[in-house]
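Biologist: I would like a close look at a single part of this protein, the empty space in it. Please take it step by step, for a first-year student.

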Amino acid sequence: MEIKWIILSLALVMYLLVIIFQEKKVWMTSVAALAVVVLGFLCQGGAIGGNVFSQLAGPAELFQHIFLELINWNILMIYVGSMIIAALFIYSRVPARIADALVTISPSTGIAVVLILAMTGIISIFVENVATVLVMAPIALALSRKLKLNPVPFMIGLALMSNLEGTATLVGDPPSMIFASYAHYTFNDFFVSQGKISIFFFIQAGLLVGCIFFYCFFSKAKEKATVDKEDVISYVPLWLLLIMIAGLAVISFLSSELGYSSGCLVLGLGMIGLVWYHLNQKKTYSEVWQLVKELDWETIAFLIGIFVVVGAISETGLLGDFALWLAHVTGGSKFLGFLLILLFSILISGFVDNVPYIIVMLPVAGNLAQAMGIQKELFMFALLIGSCLGGNLTPFGASANVVAMGILKKEGHPITFPGFLKISAPFTVLTTAAAAALLWAIWA
């Protein structure tokens with residue numbers, strides 16, 4: 001049997017087990033990655049020949065290829081560093097202070113709620129989605145109780161808006177980082193690429209439609225809202241966040257590709273933040289370790305396994321074969337290919353983790369575009385929009401949705417699957433349609 005069919009079978013089994021045993025997904029991807037390493041040794045020993053692994057000189061070169069080329073350590077450093085900065089930003093209470101200011105300047109409760117939801121989305125550009133929901137939830141619940149509002153649309157809105165805006169920049173969410181890695185996109189390329197507006201602005205079109213959608217829920221709340229102002233602990237984490245954004249922008253101007261400089265910058269700022277947390281905030285080593293331990297290390301381990309397996313799939317040529325098959329199915333129609341990728345991504349991401357899906361499909365979308373002789377961004381942006389915004393479709397399509405459901409249940413407002421879908425389905429359709437329409441108008 002050819003190596004590509006062995007690796008394909010391995011990947012299919014891995015994905016099936018990840019879907020069935022979500023809580024064990026790290027184990028599934030780790031075992032699959034280990035199997036790829038073993039296959040590499042077998043190829044080197046001559047048991048399986050005629051592939052990229054058998055062309056490597058020896059075990060040392062094999063390990064170098066797998067651990068330094070297939071695994072994108074730059075993306076992983078950016079993710080870890082940004083998680084640390086985000087955790088400190090939440091600790092600083094700056095987001096709560098901003099929310100208080102928005103409520104104070106708003107002429108009515110309805111507008112205040114929409115502004116808080118929009119702010120939730122903006123924070124989620126730089127802060128992990130679940131963390132954003134957790135820091136904004138107390139504000140939403142307190143405002144709902146005080147003004148006798150239904151907290152269900154408010155809480156669901158927090159989750160949906162955080163998922164929406166996480167796609168907008170390189171540091172927002174793992175799928176965006178994965179896209180940047182594959183497409184060689186810098187931080188600035190998310191705003192303007194090849195002289196055209198890029199993914200950030202397509203997501204803002206969705207945000208605008210989402211704000212209008214939620215205003216319909218709260219437009220009848222005309223009363224002027226008032227809140228007690230939150231005390232800010234420190235503005236240092238905010239400065240670290242701003243330096244991270246500015247630094248990534250400068251590095252984007254200096255380099256056409258994401259080098260290790262981006263990862264070193266973000267991780268370095270995260271380390272500075274931890275030192276500040278220990279020395280300036282008088283936190284013990286145990287408290288610093290607790291903050292680090294609570295970061296999303298599971299996603300890091302998950303990504304490492306996925307990078308290895310999907311990297312092996314790509315090197316066998318399977319993704320190119322799949323792209324040619326899709327080109328045949330679509331009959332060379334650019335619009336049909338665009339629509340197929342968008343709708344398929346929404347449906348898949350509404351039920352399964354979008355990280356492994358987008359890692360597999362990015363090369364497919366890019367190769368499909370090349371096979372049709374069009375710009376690959378059209379299909380890759382459609383994939384990113386569909387897979388990220390599609391997570392809003394169901395209560396378990398994204399971790400932020402699950403957290404929001406849990407908070408509502410704890411507060412005595414349990415919501416059913418159809419109840420969640422009543423809000424999430426039209427929101428997903430409208431926001432995705434707005435983003436996709438602008439994408440088509442600019443890049444088609």
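Biologist: What volume does the largest pocket have?

Modeller: The model is a predicted one, and the values below are computed from it. Rolling a probe the size of a water molecule over the atoms shows where empty space is left. In this model the largest pocket comes to about 1200 Å³. Its lining is made up of 43 residues. Those nearest the centre of the pocket are Glu128, Val130, Asp296, Thr299 and Ser399.

Several helices take part in the lining of the largest pocket. At least two residues each come from α4, α7 (129-147), α9, α13 (285-293), α14 (297-316), α17 (354-372) and α19 (399-410). Helix α4 has the largest share, with six residues. By type, the lining of the largest pocket divides into 25 nonpolar, nine polar and nine charged residues.

The structure also holds one cavity of 30 Å³ or more. A pocket is open, whereas a cavity is a space where the probe fits but cannot get out. The space in the largest cavity is about 70 Å³. Tyr79, Ser82, Met83, Ala86, Phe126, Val127, Glu128, Val171, Gly172, Asp173, Pro174 and Met177 line the largest cavity. Glu128 therefore has a place in the lining of the cavity, and Glu128 is also among the residues nearest the centre of the largest pocket.

Two helices, α4 (73-91) and α9 (174-183), each supply at least two residues of the cavity lining. Helix α4 gives the most to this lining, with four residues. Helix α4 also supplies the largest share of the lining of the largest pocket. The cavity lining divides into eight nonpolar, two polar and two charged residues.

For contrast, here are two places described by burial. Helix α12 (residues 260-279) has 20 residues and spans 28 Å from its first C-alpha to its last, close to the 28 Å expected at 1.5 Å a residue. Its buried residues are Ser262, Gly263, Val266, Leu269, Gly270, Gly273, Leu274, Trp276 and Tyr277. These buried residues lie on the same side of α12, because they cover an arc of only 160° around the axis. An α-helix has 3.6 residues a turn, so residues three or four places apart point the same way.

The second place is Thr428, in helix α20 (residues 417-443). Thr428 counts as buried because its relative accessible area is 1%, and the cut-off is under 20%. Beyond its neighbours within four places in sequence, Thr428 is in contact with Ile346, Leu389, Gly390, Asn392 and Leu393.

Key. Residues numbered from 1 in each chain as written. Predicted model: local features only at pLDDT ≥ 70, side-chain atom pairs only at ≥ 80, totals over all residues. Heavy atoms only, no water. 1 Å grid on protein atoms, 1.4 Å probe; cavity = no way out; pocket = protein on both sides within 12 Å on 5 of 7 lines; lining within 4 Å. Points joined across faces, edges and corners; volume = space filled by probe spheres on them. Nonpolar A, V, L, I, M, F, W, Y, C, P; charged D, E, K, R; others polar. Buried < 20%, exposed > 50% of the residue type's maximum accessible area, 1.4 Å probe, protein only. Contact = heavy atoms within 4.5 Å. Expected span 1.5 Å × (residues − 1). Arc of directions from axis to C-beta.
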